[in-house]
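Work through the exercises below with the model open. Try each task before you read its solution.

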Amino acid sequence: MIIRVRTNIGIWRVTITSPPPSITTQTILDTIAQTRPHVVYEAPLSLDPKCSEPIDTTRPLCEQQGVQMRDGLMIYCKVDSSTCAENTVGNNNNGDTNDTNMSTTTASSEPSSSSTITKRIIAKDGTIKLIHTTDTDPSNNKSELGFRKGLMPLRDIKKSWTLNEFNAMDDKYNFKIKRQESSFVGVEGLHLESGAVESFQNYLRRFQFRQQRFGYLYGRFVEEEEEDVKEEEEEDRSHLRQGWGARMPQKNESKVKKNKKVIVEAIYEPPQEADADAAEGFVMLDDDQEENVEQVASLLGLRKVGWIVGQPPRETGFQFSAAEVIMAAELQLECAQGVEETPFVTVRCTVGDEGNVIVEAFQVSLQCMEMVAEEALDIGPNPGFCYVNETFTAIQEGKPSPTVENNFFLTLVPIHGYQSDMFVTQFPFVNRPFDDRQQTHDEMKRQLTKSGQAGWTFIDLLSDFALLLYLCKFLDVSQDMPKICESVKDREVLLDDGYKIIISSMAGMDGSY
């Protein structure tokens with residue numbers, strides 16, 4: 001099981017082999033300690049981004065309130081960045097890991113001096129700090145003798161190597177950076193529902209686009225067709241035949257299926273807080289409505305087809321920060337369930353120099369997805385570049401490069417305005433602090449009382465994604481919502497009068513619908 005630990009210096013992916021019911025905070029700390037044995041925790045493992053709700057250490061993680069055990073579960077903590085150097089020395093002769101007791105580290109934030117020595121490092125602010133290491137003989141520091149930083153020496157992996165074996169091993173950590181010429185979306189591109197994106201950008205205007213915000217796009221992937229794919233250069237194919245060479249996005253077929261277009265019907269903005277200090281510009285909060293959102297979307301024939309991010313004004317050519325590129329790749333990986341082609345899109349919404357709103361659609365390349373899946377990309381001081389993890393090598397113009405410009409990973413997707421013939425966007429959005437309108441029964445009444453006027457019917461006005469999610473708070477999601485959503489999806493299926501009466505009563509209407 002993979003658990004993501006979001007720290008103040010980035011996200012750590014922790015792979016735990018124990019059965020989920022037995023996973024505790026100590027299990028997570030011990031697993032982290034295998035690669036980061038000297039980390040000092042400034043705030044304990046918590047369920048909220050502010051680390052104000054520490055996880056109960058006396059109970060398994062699955063018994064904690066609000067925790068859903070699944071791959072990708074996110075927990076939070078704060079650490080001292082100068083103590084987080086990775087160390088994959090492995091096991092000593094007794095089979096025990098060469099690290100200090102993790103519970104001692106978390107309790108006192110000071111490793112035991114009886115088994116450690118100190119080493120000078122230069123922190124990000126330029127100051128010299130001392131960190132602890134368990135190796136009392138500097139000549140035995142295997143992390144510095146590894147054939148790549150953070151990996152074991154070759155002799156510890158295998159006693160003897162042939163040249164081909166070494167090349168094959170080494171090239172697992174090489175990426176030859178190559179721009180992807182086109183996206184995985186067909187020529188008709190992205191059709192973005194005008195009312196939904198207008199509501200999103202109007203909320204951003206409330207803060208003069210100075211606060212970053214994101215939302216998920218729900219809609220459909222439509223009509224697949226085949227398009228020719230250019231043959232790879234003979235040089236690249238020869239590398240693949242030999243079984244070595246820098247890794248590049250590979251095409252196993254001469255044809256690739258593309259979705260002709262992506263249609264977005266609605267936007268859902270999960271709970272979040274704007275945070276200028278966070279790498280993404282916002283902090284994602286726990287969402288107790290996540291299951292309802294996915295279930296209602298499925299009942300309506302919709303799925304998550306992309307995400308949209310509101311950005312402050314940026315200099316020309318700066319489309320996405322490294323954190324946004326990595327998040328886009330993670331979402332594409334989630335949609336494709338691996339390093340596979342997917343039409344999942346990323347939309348940026350910002351404002352230009354003259355106050356005009358700019359809405360553009362992109363995808364990140366397959367190579368970017370692979371590098372993120374391998375944890376080869378990191379966030380660094382310059383947000384316009386992705387920093388290459390020291391274990392890996394990015395090859396640009398024939399030589400290693402410690403960074404990759406974000407734009408190398410981006411492919412443009414054509415975007416078109418679109419007005420849904422199934423949904424309206426009139427009900428207030430949820431999770432919008434300081435908005436003029438909030439989700440209430442009065443707002444529901446204001447919307448539904450338009451029934452019978454200007455050609456509106458009751459089901460037309462009820463067909464609002466935000467309103468349907470609001471109804472989930474009061475109606476049974478598994479019993480009532482399927483029948484309501486079926487009438488929304490297929491207007492020939494009439495909504496039962498009983499539901500009209502219930503909803504009208506909730507809204508405080510007089511019974512006229």
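**Exercise 1. How do strand S3 and S4 pair, and over how many bridges?**

Solution. Strand S3 (residues 41-46) and S4 pair in the antiparallel sense. They do so over 3 bridges. Two strands pair if DSSP finds at least two bridges between them. Strands here (E, at least two residues) and helices (H or I, at least four) are DSSP runs, numbered from the N terminus. Now take one position: Ala-43 stands opposite Lys-78 in S4.

This is a predicted model: local features need pLDDT of at least 70, side-chain atom pairs count only at pLDDT 80 or more, and totals for chains, interfaces and linings use all residues. Residues are numbered from 1 along each chain as its sequence is written, and side-chain values use heavy atoms, with hydrogens and water left out.

**Exercise 2. Find how strand S1 runs relative to S4, then decide why S4 is largely enclosed.**

Solution. Strand S1 (residues 2-7) and S4 run parallel, joined by 4 bridges. Arg-6 has Tyr-76 as its bridge partner in S4. Next, look at burial. Buried means under 20% relative accessible area, exposed over 50%, partly exposed in between (1.4 Å probe, protein chains only). In S4 (residues 73-79), 6 of the 7 residues are buried, so the strand is largely enclosed by the rest of the structure.

**Exercise 3. Compare Cys-51 and Gln-337: where does each lie, and is each buried or exposed?**

Solution. Start with the backbone. Most residues other than glycine have a negative phi. Cys-51 has a positive phi, near 60°. Gln-337 also has a positive phi, of about 60°. Cys-51 is in the loop between S3 and S4. Gln-337 lies in the loop between helix H9 (322-336) and strand S14 (345-351). Cys-51 has a relative accessible area of 11%, so it is buried. Gln-337 has 74%, so it is exposed.

**Exercise 4. Locate Asp-287 and describe its surroundings.**

Solution. Asp-287 sits in the loop between strand S12 (282-284) and helix H8 (290-299). Asp-287 is buried yet has no salt bridge (a side-chain nitrogen of Lys or Arg within 4 Å of a carboxyl oxygen of Asp or Glu). The nearest side chain of opposite charge, Lys-304, is 8.4 Å away. Lys and Arg count as positive and Asp and Glu as negative; His and the chain ends are not counted. A polar atom of the Asp-287 side chain lies 3.0 Å from the backbone nitrogen of Gln-289. Asp-287 also touches Tyr-268, Pro-270 and Pro-271 (heavy atoms within 4.5 Å), not counting residues up to four places away in sequence.

Note on methods: A polar contact is a pair of N or O atoms within 3.5 Å; within protein, one must be able to donate a hydrogen and the other to accept it, and residues adjacent in sequence count only if both atoms are side-chain atoms.
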